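Colleague: Could you take a close look at the interior for me, and at what meets what in there? I'd like one connected walk-through rather than a list.

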Amino acid sequence: GSAGGALMAVASMSLVQLGLALSVHLFGQLGPLGVAGLRLAWAGVLLLVLVRPRPSAFTGRDLLACGVLGVVTAGLMVLFMLAIARIPLGTASALEFLGPLTVSLFGPGGGRRRWALPAAIGVVLLTHPWHGGADPAGIAFALAAAACWGAYILLTQHVGDRVTGLTGLAVSMPVAGSVAMLAAGPSLGRLTWPLLGIMLGLAVLGTVLPFSPEFLAL
C-alpha cells in the first residue's frame with residue numbers, strides 16, 4: 001500500500017545519501033565525473049545480469065521512454081556529483097530536493113501547495129544564503145540536478161505503469177551508465193583494479209539498492 005511505498009522511498013533516499021557521502025572521498029582519484037560514470041555503469045551491468053530484460057516485453061514507445069529515463073538519470077547523477085565537488089553535500093542535497101518537492105506540490109495528484117512556503121523556508125535555513133561565498137556553479141549544478149530529479153520521478157512513474165517490475169530500470173540504467181561514461185572520458189585515466197572494486201560496491205549500495213525500491217515505490 002501507500003505506507004509500504006513511503007517506506008521504500010525513505011529507505012531509497014537514505015541509501016542514496018550514504019552512497020553520495022562515501023563517493024566524495026573518491027573525487028581526488030577519479031573526479032566527480034569518473035565517480036558518477038563508474039557508479040552508473042556498474043549499476044547498469046548488474047541490473048542487466050540480474051533482471052535480464054526481454055526485448056519482447058517492450059514496445060517501441062516503451063524503449064524510447066526507458067532511453068529518455070536513462071539520459072535523465074545520467075544527468076541527475078553527473079550534475080549532482082559536480083555540485084558536491086563545489087558546495088557542501090548538505091547544501092546540495094537541500095537544493096536537489098526542490099525537484100521532487102516541486103513534483104509533489106504541483107505534479108499529478110498535487111494540491112498540497114500549503115506546504116510550499118514551509119519547504120522554501122526549510123531550504124533557506126539549510127543553505128544559509130546570508131553567509132555569502134557560495135559557489136554559483138555549484139548551486140547551478142545542484143538546481144539542474146533538482147530539475148533532473150523531478151523529471152526522473154515523472155518518467156519513472158510513466159515507465160513503471162507500462163513495464164512490469166524492474167524491467168524498465170534494467171533498460172534505463174545501462175543507458176544512464178553509457179551516457180555518464182561518455183561524460184567521464186579522461187577522468188578514468190587513473191582507474192585501478194582496487195578503485196574498480198570500490199566503485200562496484202558503491203554502485204550496489206548507492207545506486208542499485210536505492211533506485212530499485214524507489215522505482216517500485218513510484
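**Inside the helices**

Modeller: Let's start with Y152, which is buried, with a relative accessible area of 1% (buried is under 20%, exposed over 50% and partly exposed in between, with a 1.4 Å probe and protein chains only). Bear in mind that this is a predicted model: local features need pLDDT of at least 70, side-chain atom pairs count only at pLDDT 80 or more, and totals for chains, interfaces and linings use all residues. Residues are numbered from 1 along each chain as its sequence is written, while side-chain values use heavy atoms, leaving out hydrogens and water.

So what does Y152 sit against? Searching the whole structure turns up two aromatic pairs. One of them is Y152 with F211, an edge-to-face arrangement at 5.7 Å centre to centre, with 65° between the planes. Y152 belongs to helix α7 and F211 to helix α9, so the pair ties together parts that are 59 residues apart in sequence. The cut-offs here are ring centres within 6.5 Å for Phe, Tyr and Trp (its six-membered ring), with planes under 30 degrees apart called stacked, over 60 edge-to-face and the rest tilted. F211 is buried too, with a relative accessible area of 6%.

Step back for a second. The chain has nine helices and zero strands, where helices (H or I, at least four residues) and strands (E, at least two) are DSSP runs numbered from the N terminus. Of its 218 residues, 44% count as buried. Among contacts between residues at least 6 apart in sequence, 89% join residues at least 24 apart, a contact being heavy atoms within 4.5 Å.

Now the core itself. The largest nonpolar core has 55 residues, and M81 and M173 touch the most other members. At least two core residues come from each of α1 (2-23), α2 (27-51), α3 (60-84), α4 (89-96), α7 (136-162), α8 (167-184) and α9 (193-217). The top contributor is α3, with 14 residues. By nonpolar core I mean buried Ala, Val, Leu, Ile, Met, Phe, Trp, Tyr and Cys residues joined through side-chain atoms within 4.5 Å. Who surrounds M81? Setting aside neighbours within four places in sequence, M81 contacts L20, S23, F27, P32, V35, A36 and R39.

α4 is worth a glance as well: six of its eight residues are buried, leaving it mostly covered. Those six are T91, A92, S93, A94, L95 and E96.

Over in helix α8 you'll find S172, buried at a relative accessible area of 1%. Apart from neighbours within four places in sequence, S172 is in contact with C66, L69 and G70. C66 is buried as well, at 0% relative accessibility. T73 lies 99 residues from S172 in sequence, yet the two are 8.1 Å apart in space, C-alpha to C-alpha. The S172 side chain also reaches the backbone oxygen of L169, at 3.4 Å.

V45, in helix α2, makes another long jump. V45 and P174 are 129 residues apart in sequence, but C-alpha to C-alpha the gap is 6.6 Å. Unlike the buried S172, V45 counts as partly exposed, at 44% relative accessibility.

For charges, which residues pair up? The structure holds one salt bridge (a side-chain nitrogen of Lys or Arg within 4 Å of a carboxyl oxygen of Asp or Glu). D62 and R162 make it, with their closest N and O atoms 2.5 Å apart. This pair links distant parts of the chain, as D62 is in helix α3 and R162 in helix α7, 100 residues apart. Is each partner buried or exposed? D62 is buried, with a relative accessible area of 6%, whereas R162 is partly exposed at 41%.

One last spot, away from the interior: R52, in the loop between α2 and α3. R52 has a positive phi of about 55° despite not being a glycine. R52 is exposed, at a relative accessible area of 64%.

Terms used. Polar contact = N/O pair within 3.5 Å; in protein donor to acceptor, adjacent residues only side chain to side chain.
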